[in-house]
Amino acid sequence: MKIVKYLVLILTLSTSVLISSAQEKPVITKVPKFKPPVVKTFLGENQNGPSVTQEEASRLIALPLQIKDVKNNLYAVNSYQFLYRQKGFRQDEETGKNEIVFTIKSDRFKVTPLPDIWVNSLKNTFQPGEELYFFDIVVKDKEGRLFFAPELKIAIK
């Protein structure tokens with residue numbers, strides 16, 4: 001019985017020694033710090049914050065997002081989120097008066113311009129007070145590094 005205990009002990013110790021000696025220390029390589037370039041987001045000629053007419057919004061919705069730096073270099077769009085803040089009306093049950101309400105349509109996209117189904121469903125339906133909002137825009141530089149570009153919000157007047 002004592003021999004079995006000693007054999008189990010010796011076997012356990014030798015296994016733990018073999019396992020610990022088989023583990024290698026991880027190799028840490030320093031990666032140069034990446035400072036993303038200063039870029040601007042465009043839809044047509046529009047940057048963040050403009051107000052456009054309903055007709056202009058119908059034209060803009062079909063255009064691709066463009067991300068440019070100071071030297072006018074274009075960056076590939078990897079993904080982005082688009083939100084359409086749509087105006088609607090509902091009738092107050094107590095007063096019977098119509099109230100303005102807003103609904104949101106939103107999704108994440110990996111292609112620009114927006115898919116045809118989105119463009120066709122939004123085109124020529126815009127109303128004053130609505131918004132087009134492109135955010136969480138991820139772009140890729142020539143070396144394949146990903147970084148965020150500024151958001152783009154366009155109000156419809």
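The following questions and answers go through a predicted model of one protein chain.

Residues are numbered from 1 along each chain as its sequence is written. As the model is predicted, local features need pLDDT of at least 70 and side-chain atom pairs count only at pLDDT 80 or more, while totals for chains, interfaces and linings use all residues; side-chain values use heavy atoms, with hydrogens and water left out.

Student: What pattern does the protein chain follow along the sequence?
Tutor: Helices (H or I, at least four residues) and strands (E, at least two) are DSSP runs, numbered from the N terminus. The secondary structure comes to three helices and eight strands. Read along the sequence, the pattern is α-β-β-α-β-β-β-α-β-β-β.

Student: How many bridges join strand 4 to strand 5?
Tutor: Two strands pair if DSSP finds at least two bridges between them. Strand 5 covers residues 98-109 and runs antiparallel to strand 4. In this pairing Tyr84 has Lys105 as its bridge partner. The number of bridges joining strand 4 to strand 5 is twelve.

Student: Which residue in the turn between strand 4 and strand 5 has a positive phi?
Tutor: The two strands form a hairpin with six residues between them. The positive phi, of about 80 degrees, belongs to Gly96.

Student: In strand 6, which residue is the bridge partner of Phe82?
Tutor: Strand 6 (residues 131-140) pairs with strand 4 in the antiparallel sense, over eight bridges. Within strand 6, the partner of Phe82 is Phe134.

Student: Which residue in strand 4 does Lys68 stand opposite?
Tutor: Strand 3 (residues 65-69) and strand 4 (residues 74-91) run antiparallel and are joined by two bridges. They form a hairpin with four residues between them, and Asn72 in the turn has a positive phi of about 65 degrees. The residue opposite Lys68 is Leu74.

Student: Is Ile100 in the nonpolar patch buried, partly exposed or exposed?
Tutor: Ile100 lies in strand 5 and forms a surface patch with Phe89 and Phe102, about 310 Å² of accessible area together. Patches are made of residues with over 30% relative accessible area and no salt bridge, like charges being joined within 9 Å and nonpolar side chains (Val, Leu, Ile, Met, Phe, Trp, Tyr) within 5 Å; areas come from the Shrake-Rupley method with a 1.4 Å probe, and for residues only the protein chains shown count as cover. Buried means under 20% relative accessible area, exposed over 50%, and partly exposed in between (1.4 Å probe, protein chains only). Because its relative accessibility is 48%, Ile100 is partly exposed.

Student: Which residues does Pro128 contact, leaving aside its neighbours within four places in sequence?
Tutor: Pro128 sits in the loop between helix 3 (116-122) and strand 6, and is partly exposed because its relative accessible area is 37%. Contact means heavy atoms within 4.5 Å. By that criterion the residues are Gln54, Lys87, Ile156 and Lys157.

Student: Which residues are joined into one network by salt bridges that share partners?
Tutor: A salt bridge is a side-chain nitrogen of Lys or Arg within 4 Å of a carboxyl oxygen of Asp or Glu. Arg145 forms one with Asp141, the closest N and O atoms being 2.8 Å apart, and Asp141 counts as buried because its relative accessibility is 10%. Another joins Glu143 to Arg145 (2.4 Å, N to O). The network therefore consists of Asp141, Glu143 and Arg145.

Student: Which side chain meets Arg90 in a salt bridge?
Tutor: Arg90 is partly exposed, because its relative accessibility is 47%. The partner is likewise partly exposed, at 28%. The N to O distance is 3.0 Å, and the partner is Glu99.
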